[in-house]
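Student: Could we walk through this model together, going from the sheet to the cores?

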Amino acid sequence: LMVEDEPLIRMWAVDFAEEAGYEALEAGNAQEAIDALEAHDEITVLFTDISLGEGMNGLELIALVRERWPHVRILLASGAAPDEAVPASYLPKPYGASQFLNAVHELAAQ
């Protein structure tokens, strides 16, 4: 599940994940991500940005996912390093396709 409020970045990530053989769902904000998680028990990896526009941010989404869907592995991306300890695997922006896919492969294999 790709959660990113920037449509071009989200589409890019979904395209690369699908080209690598993954089934990818997308969400433009935290609420869409929650709706997808509620509807799709098969989701095993969540990719989210810290900044998600209005509403819940990526760190808040991670806390909720950890509580409600503890089996979901999480990859957090951000252009700015978080001020606090990162509660998930972390991918700094900007990142390339190979960095993104390596991180997703690593989480999916766990």
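The questions and answers below go through the strands, the packing and one charged residue.

Student: Which order do the five strands of the open sheet have?

Tutor: Keep in mind that this is a predicted model. β1 pairs with β2 over two bridges, and also with β3 over two bridges. β3 in turn pairs with β4 over five bridges, in the parallel sense. Altogether the open sheet of five strands, with parallel pairing, has the order β2-β1-β3-β4-β5.

Student: And which strands stand at the edges of that sheet?

Tutor: An edge strand has a single partner strand, so one side of it is left without a neighbour in the sheet. The two strands in this position are β2 (26–27) and β5 (89–92).

Student: Which residue is the bridge partner of L46 in β4?

Tutor: L46 lies in β3, on the side of that strand shared with T48, while V45, F47 and D49 point the other way. β3 and β4 are parallel partners, and they are also joined with α3 in a right-handed β-α-β unit. In β4, the partner of L46 is I74.

Student: How many residues of β3 are buried?

Tutor: In a regular strand the side chains alternate between the two faces of the sheet. In β3, the residues pointing either way are all buried. For residues 45–49, the count of buried residues is therefore five of five.

Student: Which helix gives the most to the largest nonpolar core?

Tutor: In soluble globular proteins, nonpolar side chains tend to be buried together. Here the largest nonpolar core has 21 residues, and L1, V3, L46, L61 and V65 touch the most other members. α2 (30–39), α3 (58–68) and β4 each supply at least two of its residues. With five residues, the one that gives the most is α2.

Student: What is the bridge partner of V3 in β2?

Tutor: Apart from its neighbours within four places in sequence, V3 is in contact with residues including A30, A33, L46, L52 and L61. A27 and F47 are also among its contacts. M2 stands opposite F47 in β3, whereas the partner of V3 in β2 is A27.

Student: How far away is the nearest side chain of opposite charge from R73?

Tutor: R73 belongs to strand β4 (residues 73–78). Leaving out neighbours within four places in sequence, R73 is in contact with T44, V45, L46, L107, A108 and Q110. R73 is buried, yet has no salt bridge. A salt bridge would need a separation within 4 Å, but the nearest candidate, E106, is at 9.9 Å.

Key: Residues numbered from 1 in each chain as written. Predicted model: local features only at pLDDT ≥ 70, side-chain atom pairs only at ≥ 80, totals over all residues. Heavy atoms only, no water. Helix = DSSP H or I, 4+ residues; strand = E, 2+ residues; numbered from the N terminus. Buried < 20%, exposed > 50% of the residue type's maximum accessible area, 1.4 Å probe, protein only. Lys, Arg positive; Asp, Glu negative; His and termini not counted. Contact = heavy atoms within 4.5 Å. Core = buried A, V, L, I, M, F, W, Y, C linked by side-chain atoms within 4.5 Å. Pairing = 2+ DSSP bridges. Right-handed = clockwise from strand over helix to strand, strands pointing away.
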